[in-house]
Amino acid sequence: SSIFSTMANAPQMHQGSMIHACFEKIGWLDEFQPTRDDLLDQLKSRGLDLHDVETSLAEFDLWIRQPNLSSILTLSEYRNSWMTSIAVLREMDPDALRIEYANERSFAIDIGNQLIQGTIDRLVLIYENDRLVAADVLDYKTEAVDDQGLESRVHFYRPQLEAYRLAVSRFCELSMACISARLVFVATDRIVSLDSTTYSKINVTLQPPKNNGVNASGIVTKPAMELRNQMKLWSDE
């Protein structure tokens with residue numbers, strides 16, 4: 001996901017970039033947990049300013065220990081809890097299902113006359129034996145959201161998550177009904193699953209681009225002809 005690009009929230013942007021870089025190092029918490037040195041190396045490799053890095057690392061360590069966030073990043077708990085919420089999987093033999101993940105998955109797709117570029121924070125891919133049968137898009141948000149503001153933020157981010165689902169559908173050749181999407185508000189341990197039946201009725205209507213093509217939802221929107229010859233459609237880097 002992208003962080004809003006304005007001078008007014010530059011400190012929040014910087015913190016958000018550091019937190020997202022730390023999440024990129026997370027595979028499954030029950031298999032491996034990065035050390036402080038691992039995370040510092042990750043931040044340095046991204047060329048991030050390490051001012052106030054200790055605060056960000058302390059927050060990250062606290063956040064990944066929260067019950068909901070920890071459970072969605074722990075393979076055993078994801079298999080037993082979160083995966084069962086994906087409707088298409090409920091009739092399948094759980095012993096035949098295999099789970100993989102990819103962090104920071106970049107893409108670009110044509111929507112209308114625009115090429116939409118974005119990065120999926122975490123993509124969970126679920127296979128029945130060797131056949132891909134479902135996918136789960138997780139998008140981290142570092143903003144603190146309370147009960148009163150939750151609904152409006154979910155509404156605000158819906159087009160972004162819909163673009164992500166559409167990208168996964170096209171490149172993984174999956175039906176949209178087989179792709180779930182969740183907003184993960186890491187600061188408040190809130191995970192909001194966006195209903196796929198509601199999603200199927202929503203057109204991707206992105207706000208006009210600002211700040212060199214980045215719109216308010218954090219999606220890069222540029223005329224398709226400008227980007228078509230510059231970008232990989234599905235980055236393996």
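Rings of Phe, Tyr and Trp (its six-membered ring) pair if their centres lie within 6.5 Å; planes under 30 degrees apart count as stacked, over 60 as edge-to-face and the rest as tilted. Keep that handy for the exercises. This is a predicted model, where local features need pLDDT of at least 70, side-chain atom pairs count only at pLDDT 80 or more, and totals for chains, interfaces and linings use all residues. Residues are numbered from 1 along each chain as its sequence is written, and side-chain values use heavy atoms, with hydrogens and water left out.

**Exercise 1. Find the residues that form one aromatic cluster.**

Step 1: Look for Phe23, Phe60 and Tyr140. Together they make up one aromatic cluster.

Step 2: For the wider picture, the structure has 6 aromatic pairs.

**Exercise 2. Classify the pair of Trp28 and Tyr78, and say which parts of the chain it links.**

Step 1: Their centres are 5.7 Å apart with 50° between the planes, so by the cut-offs above the pair is tilted.

Step 2: Trp28 is in the loop between helix H1 (10-23) and helix H2 (36-45), while Tyr78 belongs to helix H5 (residues 75-82). Helices here are DSSP runs (H or I, at least four residues) and strands are too (E, at least two), numbered from the N terminus.

Step 3: The two residues are 50 apart, and the pair links distant parts of the chain.

**Exercise 3. Trp28 has another partner, Tyr101: work out the geometry, then decide whether each residue is buried or partly exposed.**

Step 1: The ring centres of Trp28 and Tyr101 are 5.9 Å apart and the planes meet at 85°, so this pair is edge-to-face.

Step 2: Tyr101 is in strand E1 (residues 97-111), 73 residues from Trp28.

Step 3: Now the burial check (buried means under 20% relative accessible area, exposed over 50%, partly exposed in between, with a 1.4 Å probe and protein chains only). Trp28 is buried at 4%, whereas Tyr101 is partly exposed at 37%.

**Exercise 4. Why do the buried residues of H3 line one face of the helix?**

Step 1: List the buried residues of helix H3 (residues 53-63): Val53, Ser56, Leu57, Phe60 and Trp63.

Step 2: Look down the axis of H3. These residues line one face because they fall within an arc of 130°, taken from the directions from the helix axis to the C-beta atoms.

Step 3: The general rule helps: an α-helix has 3.6 residues a turn, so residues three or four places apart point the same way.
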